Amino acid sequence: MAKKQPQTKAKRPQPKDAEIPVVGAREPCPCGSGRRYKACHGRAASHAVTELVHRPFEGLPGECDWVALRELVPAATVELPLKGGLPEGVTSVTLATVLPMAWPALRREDGSVLLGLQNDTASGDISRDLADTLTRALDAAPGSPVQGRRAPAEGPRLQDLLDPEGAFEPVVHTGFEFWVPDAENATPEVTASLERANAAAIPTVRLTGVDAAYWCETPDKNHLRWVMPHPEEQLLDALARLHAAGRSGLGEGTRLVGSFRAHGLTVPVWDLPSGVGAEDVEKPAAEFAERLAEALTTDAPLTADERRARGGLTNRQVTLS
């Protein structure tokens, strides 16, 4: 009897890495290796997702205001210009601190898009997560929200989508009425969410004379929180020089009390008497900006008093992100 010829199986074409879809970590990898996704092509994706980008808004117009709206300001909106203009059918793109029901994004019936900034993100790169949400919102059906998801590791970032020459001009609101163009016809869920959000919002005003400085009112005292673009060590040295010289205040009864660290930038914070409003610190803030600019040019070693002042500021520094 003739021997049977061994059968050969045609090799299955192997997809390229860019063609491998994202699946559940414990599911079989779509590449056909037989291994779980997390042990195969999911390794690189997992690393990209967890790797922290310390300054996610770097390179965007208004980086300091991006940080403020992400971490400090309750209710604000900004019109976002896109590279190449708006897609057909999209009337506008607006960044909002918070959206109703904590939606990541929403495309309204009129085609306008709202992108939420203060949502939880699935990766260590807020810019990539927001860009993924924005891209899906631009293609969403009018009248529908966009749900959150894990952004593809190779997906675009905001820096790839937004016009680098466009202005970034936040408008701070007293409440969240910008959520709905017609509040009387809003659904009960949106109305309830709006009421809860308005009740929790802290009154906030953006100063006009300096960049990215926000006054806010609390029951016991008021504050000024000022996001600054300078390198942290240089800024802390300059603040320490002014603090030691008694020149770090913003007027009588005010006090530089510490700073936040948020998204790679430093945010000095001043306590203000409860009677001091935003308009009252406009001039003192502008004068402080001049003193700070001068202090930033000094590279002499800190004196003993300045080192003590710097230590106090550093000990009262809180990291937000």
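I take partly exposed to mean a relative accessible area between the buried limit, under 20%, and the exposed limit, over 50%. I apply this to a predicted model throughout.

**Entry 1. Salt bridges overall**

I searched the whole structure for salt bridges and found 14. Side chains of opposite charge can pair when their charged atoms come close. I then looked up individual pairs, beginning with helix α6, residues 232–244.

**Entry 2. Arg261 and Glu232**

I noted a salt bridge between the side chains of Arg261 and Glu232, at 2.9 Å from N to O. Arg261 belongs to strand β10 (residues 255–262) and Glu232 to helix α6, so I recorded a link between distant parts of the chain, 29 residues apart. For accessibility, I found Arg261 at 27%, hence partly exposed. Glu232, at 22%, is likewise partly exposed.

**Entry 3. Arg310 and its two acidic partners**

I next examined Arg310, whose side chain forms a salt bridge with that of Glu233 at 2.4 Å, N to O. Arg310 sits in helix α8 (residues 304–315) and Glu233 in helix α6, so this pair ties together parts 77 residues apart in sequence.

I found a salt bridge from Arg310 to Asp237 as well, at 2.5 Å, N to O. Asp237 is also in helix α6, so the pair with Arg310 of helix α8 joins parts 73 residues apart in sequence.

Is Arg310 buried or exposed? I read a relative accessible area of 17% for Arg310; because the buried limit is under 20%, Arg310 counts as buried. Both acidic partners are partly exposed: Glu233 at 48% and Asp237 at 25%.

**Entry 4. A salt-bridge network**

I also recorded one network in which salt bridges with shared partners join Arg55, Glu58 and Glu63.

**Entry 5. Helix α3**

I checked the length of helix α3, residues 126–139. At 1.5 Å a residue, its 14 residues should span 20 Å, and the end C-alpha atoms are indeed 20 Å apart, so the two values agree.

How many residues of α3 are buried? I counted ten of the 14, so the helix is largely enclosed by the rest of the structure. Among them are Ile126, Leu130, Leu134 and Leu138, together with the polar or acidic residues Ser127, Asp129, Asp132 and Thr133. I listed what covers these buried residues; the elements include helices α2 (63–71) and α4 (158–161), and strands β2 (93–96), β3 (105–107), β4 (113–116) and β5 (144–146).

At the N-terminal end of α3, I found Asp125 acting as a cap, with a side-chain oxygen 3.1 Å from the backbone nitrogen of Ser127. Ser127 is itself one of the buried residues of α3.

Definitions and conventions:
Residues numbered from 1 in each chain as written. Predicted model: local features only at pLDDT ≥ 70, side-chain atom pairs only at ≥ 80, totals over all residues. Heavy atoms only, no water. Salt bridge = Lys/Arg side-chain N within 4 Å of Asp/Glu carboxyl O. Helix = DSSP H or I, 4+ residues; strand = E, 2+ residues; numbered from the N terminus. Buried < 20%, exposed > 50% of the residue type's maximum accessible area, 1.4 Å probe, protein only. Expected span 1.5 Å × (residues − 1). Contact = heavy atoms within 4.5 Å. Polar contact = N/O pair within 3.5 Å; in protein donor to acceptor, adjacent residues only side chain to side chain.
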